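Visitor: I would like a guided tour of this model. Please show it first, and then take my queries in turn.

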Amino acid sequence: MPYVISHFFPSGTAAQYEAAMRAMNGELGRIPDGQIAHVAGPVPGGFQVIAIQDSKASWDRFMSEVFAPVMGRGVDGSFTAPPTELEFEATHFYR
């Protein structure tokens, strides 16, 4: 079942997002294994990132194997505060 992750970074910027993406994925436009879709952009008050994984298990794996180790050691120029997060299993997913 697809798993949706929404991260809102208050006062976040595109430059901060790009620094984080390069650190985690090596380049912009590349998404991790198991990710079906990834969208991001500026919104009022900050920066919004939405990812859709093929399952919660693949999201948990990405978080433990990639996200936590990379972001835990700090990424120059990246987001300075944790996001407001919303996660849920998608009971309706259409392409």
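Visitor: Is Gly26 buried or exposed?
Guide: This is a predicted model, so local features need pLDDT of at least 70, side-chain atom pairs count only at pLDDT 80 or more, and totals for chains, interfaces and linings use all residues. Residues are numbered from 1 along each chain as its sequence is written, and side-chain values use heavy atoms, with hydrogens and water left out. Buried means under 20% relative accessible area, exposed over 50%, and partly exposed in between (1.4 Å probe, protein chains only). Gly26 has 60% relative accessibility, so the residue counts as exposed.

Visitor: Where does Gly26 sit?
Guide: Elements here are DSSP runs, numbered from the N terminus: helices are H or I with at least four residues, strands E with at least two. The C-alpha atoms of Gly26 and Thr91 are 32 Å apart, with these positions 65 residues apart along the chain. Gly26 itself lies in the loop between H1 and S2.

Visitor: In what order do the four strands lie in the sheet?
Guide: Two strands pair if DSSP finds at least two bridges between them. S1 (residues 3-10) and S3 are joined by eight bridges, and S2 (residues 35-43) and S3 also by eight. Six bridges link S1 and S4. The sheet is open and antiparallel, in the order S2-S3-S1-S4.

Visitor: Which strands stand at the edges?
Guide: Each edge strand has a single partner, so one side of it is left without a neighbour in the sheet. Neighbouring strands are turned by 10° against each other on average, direction ignored. The edge strands are S2 and S4 (84-89).

Visitor: How many residues of S3 are buried?
Guide: S3 spans residues 46-53. The strand is largely enclosed by the rest of the structure, because the buried residues number seven of the eight.

Visitor: Which residue in S3 is the bridge partner of His7?
Guide: Other pairs help to place this one. Tyr3 stands opposite Gln53, and Phe9 stands opposite Phe47. From S2, Ala40 stands opposite Val49. The bridge partner of His7 is also Val49.

Visitor: Which residue in the S2-S3 turn has a positive phi?
Guide: S2 and S3 form a hairpin with two residues between them. The phi is about 90°, and the residue is Gly45.

Visitor: Which element gives the largest share of the largest nonpolar core?
Guide: Such a core is a set of buried Ala, Val, Leu, Ile, Met, Phe, Trp, Tyr and Cys residues joined through side-chain atoms within 4.5 Å. This one has 15 residues, and Tyr17, Met24, Phe47, Val49, Trp59 and Phe79 touch the most other members. S1, H1 (14-25), S3 and H2 each give two or more residues. The largest share, five residues, comes from H1.

Visitor: What does Tyr17 touch?
Guide: Contact means heavy atoms within 4.5 Å. Leaving out residues up to four places away in sequence, the partners are His38, Ala40, Phe47, Val49 and Phe79.

Visitor: Why do H1 and H2 count as oblique?
Guide: Axes are lines fitted to C-alpha atoms, for helices over the stretch in contact, and angles run from 0 to 180 degrees between N-to-C directions. Angles under 35 degrees count as roughly parallel, over 145 as roughly antiparallel, 65 to 115 as roughly perpendicular and the rest as oblique. The two axes come within 9 Å and cross at roughly 125°. H1 and H2 are therefore oblique.
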